[in-house]
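Student: I should like to learn how the features of a protein model are read. May we work through one case together?

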Amino acid sequence: MRFMAKSEVMVEGVDASAARAAELRKELQRAVKAIVSEEDSNVDAIDRALQALSALKDLKTKRSSFREPAGMPAPPDEFRCPLSKELMRDPVIVSTGQTYDRPFIQKWLKAGNRTCPRTQQVLSHTLLTPNHLIRDMISQWCESNGIQLPDPIMYLSDEGLTEADRDHFLSLLEKMSSTVSEQKGAARELRLLTKRMPSFRALFGESVEAVPQLLCPLSQTKSQNDIHPDLQEDIITTLLNLSIHDNNKKLVAETPMVIPLLMSALRSGTIETRSNAAATLFTLSAVDSNKALIGKSGAMKPLIDLLEEGHPLAMKDAASAIFNLCILHENKARAVRDGAVGVLLKKIIDKVHVDELLAILAMLSTNQRAVEEMGELGAVPCLLNLIRETSCARNKENCIAVLYTICFSDRTKWKEIREDENMHRTISQLARNGTSRAKRKASGILDRLNRGINLTHTA
């Protein structure tokens with residue numbers, strides 16, 4: 001897919017749109033063929049057909065935008081974008097000093113390329129700086145040749161943003177350093193814009209100063225009590241919205257004030273603020289380097305505390321963040337140290353978010369200290385009972401995986417297993433009816449149990 005996206009940028013002029021349209025029509029034909037050939041509804045094919053139709057519609061709309069008028073004099077080469085070969089309407093400079101038309105270089109970068117198309121040098125960053133000098137020269141050339149470029153307000157970039165949108169975005173960020181009233185209004189609008197428009201999320205990645213500007217009201221407040229709850233909620237939720245954009249994840253997490261402010265938001269503020277702070281950490285932890293950064297920052301403890309509090313709105317987000325962070329081995333040790341095992345077992349016993357919390361418990365069972373705590377806190381009868389009660393195959397599998405680890409780490413737990421087998425035959429039934437992994441773990445426990453019985457009789 002990356003090669004396809006790259007080739008779209010490299011096709012010149014109108015040919016790029018024509019090639020893309022042909023590609024979308026082929027995709028639509030394939031999707032429709034898959035739909036009509038299946039007796040049952042093919043949901044994936046229907047989605048692909050709808051996406052292709054939507055993309056064709058967008059392409060048709062964009063084709064009606066600016067075209068170089070027939071018969072117009074050829075623009076100087078320095079006024080043409082090296083990618084589109086067309087007259088530039090929004091020239092921007094990349095880190096190598098080369099100038100491109102904004103939508104075409106954005107498309108190049110969006111395709112995953114991190115080199116300058118003209119020089120092939122690796123870009124030291126992907127920030128785009130407006131080239132006002134070239135823009136003014138192009139305007140003068142157009143005026144002297146009787147050519148009218150589209151007004152910046154009418155000219156849409158590849159992401160659907162106008163120059164007016166960009167100016168408005170910058171003005172909102174400036175207001176984040178103004179009066180509390182202006183901060184609240186700007187934060188609320190940024191929250192709404194980043195929720196509705198992915199293109200506004202991407203704007204934060206174009207400047208290293210954008211995220212610090214957004215967080216200015218929170219970072220400059222001396223006491224947590226001085227922060228207006230609604231302002232904090234809007235800022236944290238905006239941070240969540242822009243973190244959804246994949247290209248922003250590293251930028252956001254590596255901005256020095258972000259994780260400390262998220263940790264602070266986990267502890268105080270409205271419940272929506274706390275929930276969205278947890279959701280932001282979950283989103284950011286999709287990047288492996290961010291998992292380490294967040295873990296080292298001490299975020300595990302406030303996440304576990306939020307989980308323990310048990311508010312329905314916040315628990316799932318906190319659990320998702322803990323699970324993602326614990327994929328990294330060193331974060332498992334941090335979670336155990338911060339009391340995760342006890343909190344997880346108590347919630348599971350209380351039948352709260354069992355699916356999610358059991359998955360975390362299974363992940364922690366590779367940590368020796370966690371396994372010891374599980375045994376000490378009564379995990380064996382809890383998990384055996386859950387296997388009998390639940391109809392979820394995945395939950396049964398996670399239960400038996402944890403039991404397997406506990407039993408092979410602590411011989412004192414075999415008595416409980418043996419008593420349950422005599423009374424309920426829980427593990428024997430799972431060895432016959434479980435998933436392949438559950439059967440394997442259950443059979444392993446039974447084999448060990450039977451060997452123990454035989455050895456006792458022999459003695």
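The dialogue below takes up the overall make-up, the sheet, one helix, the salt bridges and a surface patch.

Student: What kind of model is this, and how many helices and strands does the protein chain have?

Tutor: The model is predicted. Its protein chain has 25 helices and three strands.

Student: What share of the residues is buried, and what is the accessible surface of the chain?

Tutor: A residue is called buried when its relative accessible area is under 20%. Of the 459 residues in the protein chain, 45% are buried. The accessible surface of the chain comes to about 23200 Å², and 52% of that area belongs to carbon and sulfur atoms.

Student: How are the contacts of the chain distributed along the sequence?

Tutor: Consider contacts between residues at least 6 apart in sequence: 64% of them join residues at least 24 apart.

Student: Let us turn to the sheet. What is the order of the strands, and are they parallel or antiparallel?

Tutor: The general idea is that strands of a sheet pair through backbone hydrogen bonds, either parallel or antiparallel. Here, three strands form an open sheet in the order 2-1-3, and the pairing is antiparallel. Strand 2 (99-101) and strand 3 (129-130) are the edge strands, since each pairs on one side only. Two bridges join strand 1 (residues 91-93) to strand 3 in the antiparallel sense. In one of the pairings, Val92 has Pro130 of strand 3 as its bridge partner.

Student: Which helix packs on the sheet?

Tutor: Helix 4 (residues 102-110) does, touching strand 1, strand 2 and strand 3. The direction of helix 4 makes about 95° with that of strand 2.

Student: Which residues of helix 15 are buried, and what do they pack against?

Tutor: To read the packing of a helix, list its buried residues and then their contacts. In helix 15 (residues 300-309), the buried residues are Met300, Pro302, Leu303, Ile304, Leu306 and Leu307. These residues pack against several helices, among them helix 12 (258-267), helix 13 (271-284) and helix 16 (312-325). Their other partners are helix 17 (329-337), helix 18 (340-349) and helix 19 (354-364). Helix 15 is followed by Gly310, which has a positive phi, near 85°.

Student: Arg274 is a charged residue in helix 13. Is Arg274 buried or exposed, and what does it touch?

Tutor: Arg274 has a relative accessible area of 10%, so it counts as buried. Leaving aside residues up to four places away in sequence, Arg274 touches Ala265, Leu266, Arg267, Ser268, Gly269, Leu306 and Glu309. Leu306 is also one of the buried residues of helix 15.

Student: How many salt bridges are there, and how should one of them be read?

Tutor: Side chains of opposite charge can pair when their charged atoms come close. A search of the whole structure finds 25 salt bridges. One of them joins Glu272 and Arg191, with the closest N and O atoms 2.9 Å apart. This pair links distant parts of the chain, for Glu272 is in helix 13 and Arg191 in helix 7 (residues 180-196), 81 residues apart. Glu272 is partly exposed at 31% relative accessibility, whereas Arg191 is buried at 13%. Both belong to a network of salt bridges that also includes Arg188, Glu233 and Asp234.

Student: Which parts of the chain does the salt bridge of Lys351 and Glu389 tie together?

Tutor: In this salt bridge, the closest N and O atoms are 3.5 Å apart. Lys351 lies in the loop between helix 18 and helix 19, and Glu389 lies in helix 21 (residues 379-389), so the pair ties together parts 38 residues apart in sequence. Lys351 is partly exposed at 46% relative accessibility, and Glu389 is partly exposed at 48%.

Student: How does the pair of Arg369 and Glu376 read?

Tutor: Their side chains meet in a salt bridge at 3.7 Å, N to O. Arg369 is partly exposed, with a relative accessible area of 40%, while Glu376 counts as exposed at 57%.

Student: Finally, which residues form a nonpolar patch on the surface?

Tutor: Ile46, Leu50 and Leu53 form such a patch, and together they have about 260 Å² of accessible area. Leu53 lies in helix 3 (residues 43-63) and is partly exposed at 46% relative accessibility. Arg25, in helix 2 (residues 13-37), is 28 residues from Leu53 in sequence and 8.4 Å from it in space, C-alpha to C-alpha. Arg25 is partly exposed as well, at 47% relative accessibility.

Methods
Residues numbered from 1 in each chain as written. Predicted model: local features only at pLDDT ≥ 70, side-chain atom pairs only at ≥ 80, totals over all residues. Heavy atoms only, no water. Helix = DSSP H or I, 4+ residues; strand = E, 2+ residues; numbered from the N terminus. Buried < 20%, exposed > 50% of the residue type's maximum accessible area, 1.4 Å probe, protein only. Contact = heavy atoms within 4.5 Å. Areas by Shrake-Rupley, 256 points an atom, 1.4 Å probe, with all protein chains shown as cover. Salt bridge = Lys/Arg side-chain N within 4 Å of Asp/Glu carboxyl O. Pairing = 2+ DSSP bridges. Axes fitted to C-alpha atoms, helices over the stretch in contact; angles between N-to-C directions. Patch = residues over 30% accessible without salt bridge, like charges linked within 9 Å, V, L, I, M, F, W, Y side chains within 5 Å.
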